Amino acid sequence: MKGYKHTELGWIPEEWRIKTIGEVSLLINGRAFKQEELLDRGKYLVLRVGNLNTTSKWYYSNLELEDVKYVFKGDLMYAWSASFGPRFWTGEKTIFHYHIWKVVPNDNVEKGFLFYLLDFDKENIINSKQGGTMFHITKGDMESRYVALPPKSEQKYISLVLKTWDHAISTLTQLISAKQQLKKGLMQQLLTGKKRLPGFEGEWEKKNLGELFIRIIGGGTPAKDRKEFWGGDIPWATVKDISNFNPNATQEYISELGLKNSSTNKVPANTLIISTRMAVGKCVMFDMDVAINQDLKALFPDNNYSKLFLYYYFEHSIDKINLLGNGSTVKGLVLNDLKGIQIFLPTEYEEQEAIGNFLQLLDYEVKFLFECLSKIKTQKSALMQQLLTGKKRVKVDPD
């Protein structure tokens, strides 16, 4: 290939070099804390692997250590156990734990480029490991890993291109979060009558949920030892499908024989289906006809009540409904307790439906933004594959 050379990592541009991670950076281990050294309050935060993804539980320390045992804003970190991969630290001066390296690049590599290089190589490391996600890599193994290194001027441009995609991902993520918070606030206002949509002035009334439904049906499970009951073309919904909801699919399917020879029931598309066990109070509507198991209930409201309004009522009230569940290990909700829940709603069907439609539009917006985010992440992944292997080059300004 003209302009390329063959190396340990395959074909790369002629002016690129093969180096090990140990040759282009210094990996510094954090401190191995004893349990008694981790305090509830103190002078310094202690950055552990779990804190790279969440700030729910921090420990502190009053220890005064050498400078290399602290991480500062802008430092490049690498979690080498459990939560795996590189991160930039954006917080204050912090002590970091032994399961994290501080990665200090040398003069031959630009810090932003090294981050993307490590992030790209992370997938290769994960794919080479056996036994699930809980694994680690030793410092020696990491230092000996080969990477393809372009001239520093090209590194900078590659980093700038990928940062553009990261900026788009960050912006969309923040926009999604803002939309979700907006919807949450509007649900609180609209579903309680504190805010009214234009054109509606009618009264609201209190009802028990049991008064709203003309029919509530449960489901069942075909005999597991009867192969002819399974693997058919009838979607069969369980709590697993409710928890990880896909409106167009279920994890398991049953046959017509399974449907006829069990207590399961087949319900039409767009039926309100609520979980009464484990994910208590979670309500969904499938885009297809589904059979349901015994942990679910299908709810059929009277024509005077909007399914969409009730759907968002359940979403808004899930925490309150969940508290009604009984059981020390697996929560379950008794049907009579569900029927006894009081709901405040407009007497006019039109206002109920308008509120439901309004909130559904917000859901459509969020869904569209998630689809855009997924596409941009896919584009970035493909771009990293091209740019970090030299298959696609960036134009470098000689000045």
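Where is Met 278 found? Met 278 sits in the loop between β18 and β19, and I will return to that loop once we have been through the cores, the long helix and the pockets. Please keep in mind that this is a predicted model, in which local features need pLDDT of at least 70 and side-chain atom pairs count only at pLDDT 80 or more, while totals for chains, interfaces and linings use all residues. Residues are numbered from 1 along each chain as its sequence is written, and side-chain values use heavy atoms, with hydrogens and water left out.

Let me begin with the inside. By a nonpolar core I mean a set of buried Ala, Val, Leu, Ile, Met, Phe, Trp, Tyr and Cys residues joined through side-chain atoms within 4.5 Å, and buried itself means under 20% relative accessible area, with exposed being over 50% and partly exposed in between, for a 1.4 Å probe and protein chains only. The largest such core has 33 residues, and those with the most contacts inside it are Leu 209 and Phe 314. The elements that give two or more residues to this core are α4 (152-190), α5 (209-212), β18 (272-275), α8 (307-316), β22 (342-346) and α11 (349-387), and the most comes from α8, with seven residues. The element names are DSSP runs numbered from the N terminus, helices being H or I with at least four residues and strands being E with at least two.

If we leave aside neighbours within four places in sequence, Phe 314 is in contact with Leu 209, Phe 213, Ile 274, Gly 281, Cys 283, Leu 299, Ile 321 and Leu 338, where contact means heavy atoms within 4.5 Å. Apart from the largest core lies another core, of 32 residues, among them Trp 16, Phe 84, Tyr 116 and Ile 158.

Ile 158 brings us to α4, since Ile 158 is one of its buried residues, which also include Glu 154, Gln 155, Leu 172 and Lys 183. What covers the buried residues of α4 includes α2 (111-128), β12 (146-149), β13 (204-208), α8 and α11. How far apart are the end C-alpha atoms of α4? They are 56 Å apart, which agrees with the 57 Å that its 39 residues should span at 1.5 Å a residue, the expected span being 1.5 Å times one less than the number of residues.

Now to the pockets. On a 1 Å grid over the protein atoms alone, a pocket is an open set of points where a 1.4 Å probe fits, with protein on both sides within 12 Å along at least five of seven lines, and its lining residues have an atom within 4 Å of a point. The largest pocket holds about 1,100 Å³ of space, a volume being the space filled by probe spheres set on the points, which are joined across faces, edges and corners. Its lining has 36 residues, of which Phe 245, Tyr 311, Tyr 312, Glu 315 and Asp 363 lie nearest the centre. Two or more lining residues come from each of α4, β19 (283-284), β21 (296-301), α8 and α11, and the largest share, eight residues, is from α11.

The second largest pocket has about 290 Å³ of space, and the residues that line it are Leu 52, Arg 87, Phe 88, Trp 89, Thr 90, Phe 115 and Asp 166.

Let us now go back to the loop between β18 and β19. Thr 276 is found there, and at 6% relative accessibility Thr 276 counts as buried. Leaving aside neighbours within four places in sequence, Thr 276 is in contact with Asp 295, Leu 296, Lys 297, Lys 331, Gly 332 and Leu 333. Met 278, at 42% relative accessibility, counts as partly exposed, and its phi is near 70 degrees, a positive value in a residue other than glycine. Most residues other than glycine have a negative phi. Asn 270, in the loop between β17 (265-267) and β18, also has a positive phi, near 65 degrees, and at 39% relative accessibility Asn 270 counts as partly exposed.

I will close with one more loop residue. Asn 106, found between β11 (100-105) and α2, is partly exposed, with a relative accessible area of 25%. The C-alpha atoms of Asn 106 and Leu 26 are separated by 7.5 Å, although these residues are 80 residues apart along the chain.
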